[in-house]
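Trainee: Could you take me through a close look at one part of this model? I would like a single connected account.

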Amino acid sequence: WWRDSVRGWWPCSRHCEHVFLVQSASDLRAEWFTGARVAGLTAGTSTPDSVIDSVEAAMQTIARRRVA
C-alpha cells in the first residue's frame, strides 16, 4: 500500500509545505502540528483500516496534549 500512498501524497505536497507521508502512527511528530488549526488525514484505498485508525488516534492524542 505504500506506493499508493505516495501517489496521493505527492500532489498535495506541491500545494502545501506541511504535508507528511507516514506509514504508521509512530512516524508522526508533534512539532508538525505546531501552529496548525486544522490537520487532515488521507489514505489510499489499500491502506489497512487498522493503520488509518491508529494514525487518527495518535493525531487526536497530539491535539489533546496541545490544548491541555
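Mentor: Happily; here is a walk through the loop between the helices, with the overall setting to begin.

This is a predicted model, in which local features need pLDDT of at least 70 and side-chain atom pairs count only at pLDDT 80 or more, while totals for chains, interfaces and linings use all residues. Residues are numbered from 1 along each chain as its sequence is written, and side-chain values use heavy atoms, with hydrogens and water left out.

The chain has two helices and zero strands; helices (H or I, at least four residues) and strands (E, at least two) are DSSP runs, numbered from the N terminus. Of its 68 residues, 16% are buried, where buried means under 20% relative accessible area, exposed over 50%, and partly exposed in between (1.4 Å probe, protein chains only).

Let us settle on L28, which sits in the loop between α1 (2-13) and α2 (49-67). L28 counts as buried because its relative accessibility is 12%. Leaving aside neighbours within four places in sequence, L28 is in contact (heavy atoms within 4.5 Å) with V22, F33, V55, A58, M59 and I62. Take I62 from that list: its C-alpha atom is 9.2 Å from that of L28, although the two are 34 residues apart along the chain.

E31 also lies in the loop between α1 and α2. With a relative accessible area of 54%, E31 is exposed. Measure from C-alpha to C-alpha in your viewer and you should find E31 and I62 9.5 Å apart, with their positions 31 residues apart in sequence.

Now to the rings. A pair of aromatic rings is described by the distance of the centres and the angle of the planes. Rings of Phe, Tyr and Trp (its six-membered ring) pair if their centres lie within 6.5 Å; planes under 30 degrees apart count as stacked, over 60 as edge-to-face and the rest as tilted. The count by this rule is one aromatic pair. F20 and W32 form it, stacked at 4.0 Å centre to centre with 0 degrees between the planes. Both F20 and W32 lie in the loop between α1 and α2, so the pair ties together parts that are 12 residues apart in sequence. F20 is partly exposed at 37% relative accessibility, and W32 is partly exposed at 26%.

A word on confidence: pLDDT, the predictor's confidence in each residue from 0 to 100, averages 82 over the chain, and 79% of the residues score at least 70. Over residues 1-6, pLDDT stays under 50. Where pLDDT is low, the predicted coordinates should not be read in detail.
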